[in-house]
Amino acid sequence: GDDNSGRKVITFSCCRMPPSHQLNHTRLLEYLKYTLDQYVENDYTVVYFHYGLKSLNKPSLKWLQTAYKEFDRKYVSKIFVLPSMIFKSLLTISFSFPRYKKNLKALYVVHPTNFIKILWNIFKPLISHKFGKKITYLNYLSDLREHLKYDQLNIPQEVIRHDENLRGKQKGKLPPVVKVPPPRPPLPTQQFGVSLQYIKDKNKGELIPPVMKETVSYLKRKGLQVEGLFRRSASIQTIKDVQKLYNQGKSVNFDDYHDIHIPAVVLKTFLRELPQPLLTFESYDHILGITSVESSLRVTRCKQIIQGLPEHNYVVLKYLICFLHMVSQESIYNRMTASSLACVFGLNLIWPSKGAASLSALVPLNLFTELLIDFYTNIFNSRTVPGE
């Protein structure tokens, strides 16, 4: 899923850890590294569910030392590490080594024990202030809603039950069911969280949504050679303010914000908040199959899938990919190759109809997006849509 700044979220659930004698800890280490490597080139967030870590499934101190040395050999660092089992290993990997700590913006520790809090207070003076600001303790699952898209998280039932028990103990009974008011109808000028068809109908039949046209146009003029374009986050409040202006039909002048990453984040946010992904739910399984296609035939297969999109989705996708192709052509300056852009945009273009995309789905989704960007001219050259 994503947090409220559009950063990717990695979750770690201790209750899913099997007994230590049944676990190949070498493979666990490789899995942690592989998972983080999917995201470390961009801003990301980690959510750590502490419930379920017991003496039976805690990794040994020897394994933690091995993990530390493994990362220390590859990413030299002298930052002190909290000595606390799984929590320690996550901090070791995520914070202590330049490659992983650079873009990690937040670590949420859910259901922390007093032991973790005590350890943190003991070693806090030895850790940089900037480092410490990245850690947030959350006593209840509901607290996560303030920071990220809670409904996208795949939270184990054991953690949910534990959370309910904690709330029950606090109040003497389970909390009452809160009635959620029905959602408000969208404004006539709404652009975020509504369908492409809705935006088209409210904008005199224009196929390209205004927010998309304006952000892309601005970035074409001033952002093509900006290093790390689309990798960086921006102020949450500023993004919300810009969204509000667009939804109210008011003009937005990005020069007023003096931050080229704001229109970039706004564009990603627009795509992510579409009720249905731009590539459509129907295409999801087809896209996952791209890795099973022979390498020489993958571009042709991409073209077939794209040809099957509804006309409106096709036009908007073509407009976006044309722009991303331009960005990739300036990669000598902006460091954003087609592969880098695919890692950023893959899950903003396509996601499953239920739940979040699995780790195994990232490879085909990103590969498909990379092919679209790299072979834009070939893939989009044979279909013309009226009004395009």
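These are my notebook entries on a predicted model, taken element by element.

**Entry 1, the sheet.** I began with the strands and found four of them in an open sheet, ordered E1-E2-E3-E4, with parallel pairing. Strand E1 (8–13) and strand E4 (135–138) stand at the edges with a single partner strand each, so one side of each has no neighbour in the sheet. I looked up the twist as well, and from one strand to the next it averages 20 degrees.

**Entry 2, the pairings.** I then went through the bridges, starting with E1 and E2, which run parallel and are joined by six bridges; in this pairing Phe12 stands opposite Tyr48 of E2. Strand E2 (residues 44–49) and strand E3 (residues 104–110) also run parallel, and six bridges join them, with Leu104 of E3 as the bridge partner of Tyr44. Turning back to E1, I asked myself how many of its six residues are buried. Five of them are, so E1 is largely enclosed by the rest of the structure, although one side of this edge strand is left without a neighbour in the sheet.

**Entry 3, the cores.** In soluble globular proteins, nonpolar side chains tend to be buried together. With that in mind I looked up the largest nonpolar core, which has 67 residues, and noted that Phe230, Ile306 and Leu317 touch the most other members. Helix H14 (residues 311–329) supplies the largest share of this core, with nine residues. I also noted a second, separate core of 15 residues, and Val9, Val47, Phe49 and Val159 are among them.

**Entry 4, helix H14.** Since H14 contributes the largest share of that core, I checked its burial and its length. Of its 19 residues, 14 are buried, so the helix is largely enclosed by the rest of the structure. From its first C-alpha to its last, H14 reaches 27 Å, close to the 27 Å expected at 1.5 Å a residue.

**Entry 5, helix H10.** I repeated the length check on helix H10 (residues 236–247), whose twelve residues should span 16 Å at 1.5 Å a residue; the end C-alpha atoms are 16 Å apart, which agrees. Which residues of H10 are buried? I found Thr238, Ile239, Val242, Gln243, Tyr246 and Asn247, and the buried residues of this helix pack against helix H9 (210–222) and helix H11 (261–272). Gly249 follows H10, and its phi is positive, near 75 degrees.

**Entry 6, H11 against H16.** From H11 I moved to helix H16 (residues 338–349), and recorded that the two helices pack at an angle of about 30 degrees with their axes 8 Å apart. On the H11 side the contact is made by Lys268, Leu271 and Arg272, and on the H16 side by Val344, Phe345, Asn348 and Leu349. Sorted by class, this contact has four nonpolar, one polar and two charged residues.

**Entry 7, Leu365.** Last, I looked at a single residue, Leu365, which lies in helix H17 (residues 359–374). Is Leu365 buried or exposed? Its relative accessible area is 0%, and because buried means under 20%, I entered Leu365 as buried. Setting aside residues up to four places away in sequence, I listed its contacts as Tyr284, Ile287, Leu288, Leu347, Ile350 and Ala357. For Ile350, which is 15 residues from Leu365 along the chain, I also noted the C-alpha separation of the pair, 7.6 Å.

Technical notes. Residues are numbered from 1 along each chain as its sequence is written. This is a predicted model: local features need pLDDT of at least 70, side-chain atom pairs count only at pLDDT 80 or more; totals for chains, interfaces and linings use all residues. Side-chain values use heavy atoms; hydrogens and water are left out. Two strands pair if DSSP finds at least two bridges between them. Axes are lines fitted to C-alpha atoms, for helices over the stretch in contact, and angles run from 0 to 180 degrees between N-to-C directions. A nonpolar core is a set of buried Ala, Val, Leu, Ile, Met, Phe, Trp, Tyr and Cys residues joined through side-chain atoms within 4.5 Å. Buried means under 20% relative accessible area, exposed over 50%, partly exposed in between (1.4 Å probe, protein chains only). The expected span of a helix is 1.5 Å times one less than its number of residues. Contact means heavy atoms within 4.5 Å. Ala, Val, Leu, Ile, Met, Phe, Trp, Tyr, Cys and Pro count as nonpolar, Asp, Glu, Lys and Arg as charged, and the others, Gly among them, as polar.
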